[in-house]
Amino acid sequence: GVIAVIWGSGTMLVAGISQILNPDEIISTPTVPLVVGFGAQLLIGVMCYLLPSTMGGGGKAVSQGLATLDFMGPARTTMVNVGLILWVLPVGGWLHIVGSFAAGIGLAMFVPLAAVSAKNQVRAIRAQAAARRKKAGESAMASASSTDAGADAASDNATDTDTDTTG
């Protein structure tokens, strides 16, 4: 989130300074820094939080989803931002290409991580549901056993009472 805001602010600052220094030039839209540096990073950062949170399943399941999406988080963020710097600098050649690939790969890693995160979180939700069903089944069996035991005790008492009154 913070890095995306820095990219957005920095892009606007550079465009503004460029316009002040060369007022006769038409501003070319700084598309790459705005779209990749601000938009894509902000969107992916928000989705990394919202995807597990909206799937639900309780604290443990949401934590598993968040942990999966945070896999290599600092490395992916560094890859995107260093790649983006190389991409927008007027260096040309292979460095420009390497930067664009690094930024693209860093952003694209979100897609498989989101799929794995969803799978892990669904597995955790199902495990919690199975544990609840098992616990509910055990509780039902225990209450049924105690009801049966109570009925047996009541019939034993009735038999004992019948025996005592006749004898």
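This report walks through a predicted model, from its overall fold to its core, its largest pocket and a few individual residues.

**The fold at a glance**

Let's start with the overall layout. The protein has six helices and zero strands, so to speak an α-α-α-α-α-α pattern when read along the sequence. Of its 167 residues, 23% are buried. Contacts across long stretches of sequence are well represented: among contacts with a separation of 6 or more, 67% join residues 24 or more positions apart.

**The nonpolar core**

Which residues form the largest nonpolar core? There are twelve of them: Trp7, Val36, Ala40, Ile44, Cys48, Leu69, Val80, Leu84, Leu107, Phe110, Leu113 and Ala114. Helices H2, H4 and H6 (110-166) each give two or more residues to this core, and H2 provides the largest share, with four residues.

Leu84 is a handy core member to click on. Leaving out residues up to four places away in sequence, Leu84 touches Trp7, Val32, Val36, Gly37, Gly99 and Ala103. Two of these partners, Trp7 and Val36, are listed in the core as well.

**The largest pocket**

Next comes the open space. The largest pocket holds about 340 Å³. It is lined by 17 residues, and those closest to its centre are Gln41, Ile44, Gly45, Arg76 and Thr77. Ile44 also belongs to the largest nonpolar core.

Which helices supply the lining of the largest pocket? At least two residues each come from H1, H2 (31-55), H3, H4 (73-88) and H5 (93-108). H2 gives the most, with five residues. By character, the lining residues divide into nine nonpolar, six polar and two charged.

**Three residues to look at**

The table sets out the relative accessible area of three residues in the model.

| Residue | Relative accessible area | Class |
|---|---|---|
| Ile3 | 35% | partly exposed |
| Thr68 | 14% | buried |
| Gln121 | 0% | buried |

Ile3 sits in helix H1 (residues 2-21). Why is Ile3 classed as partly exposed? Because its relative accessible area is 35%, and the partly exposed class runs between 20% and 50%. Beyond its neighbours within four places in sequence, Ile3 is in contact with Gly37, Gln41, Thr77 and Asn81. Gln41 and Thr77 are also among the residues closest to the centre of the largest pocket. As for Gly37, this residue is 34 residues away from Ile3 in sequence, with a C-alpha to C-alpha distance of 7.9 Å.

Thr68 belongs to helix H3 (residues 58-69). Its relative accessibility is 14%, so Thr68 counts as buried, the cut-off being under 20%. Where does the side chain of Thr68 make a polar contact? The partner is the side chain of Asn120, at 3.2 Å. Asn120 also appears in the wider set of Thr68 contacts, together with Leu113, Val116 and Ser117, once neighbours within four places in sequence are set aside. One of these, Leu113, is a member of the largest nonpolar core.

Gln121 lies in helix H6. Is Gln121 buried or exposed? With a relative accessible area of 0%, Gln121 is buried. Not counting residues up to four places away in sequence, Gln121 touches Pro52, Met55, Gly56, Ala61, Val62 and Gly65. Pro52 and Met55 fall within H2 (31-55), while Ala61, Val62 and Gly65 fall within H3 (residues 58-69).

How values were computed: Residues numbered from 1 in each chain as written. Predicted model: local features only at pLDDT ≥ 70, side-chain atom pairs only at ≥ 80, totals over all residues. Heavy atoms only, no water. Buried < 20%, exposed > 50% of the residue type's maximum accessible area, 1.4 Å probe, protein only. Polar contact = N/O pair within 3.5 Å; in protein donor to acceptor, adjacent residues only side chain to side chain. Contact = heavy atoms within 4.5 Å. 1 Å grid on protein atoms, 1.4 Å probe; cavity = no way out; pocket = protein on both sides within 12 Å on 5 of 7 lines; lining within 4 Å. Points joined across faces, edges and corners; volume = space filled by probe spheres on them. Nonpolar A, V, L, I, M, F, W, Y, C, P; charged D, E, K, R; others polar. Core = buried A, V, L, I, M, F, W, Y, C linked by side-chain atoms within 4.5 Å.
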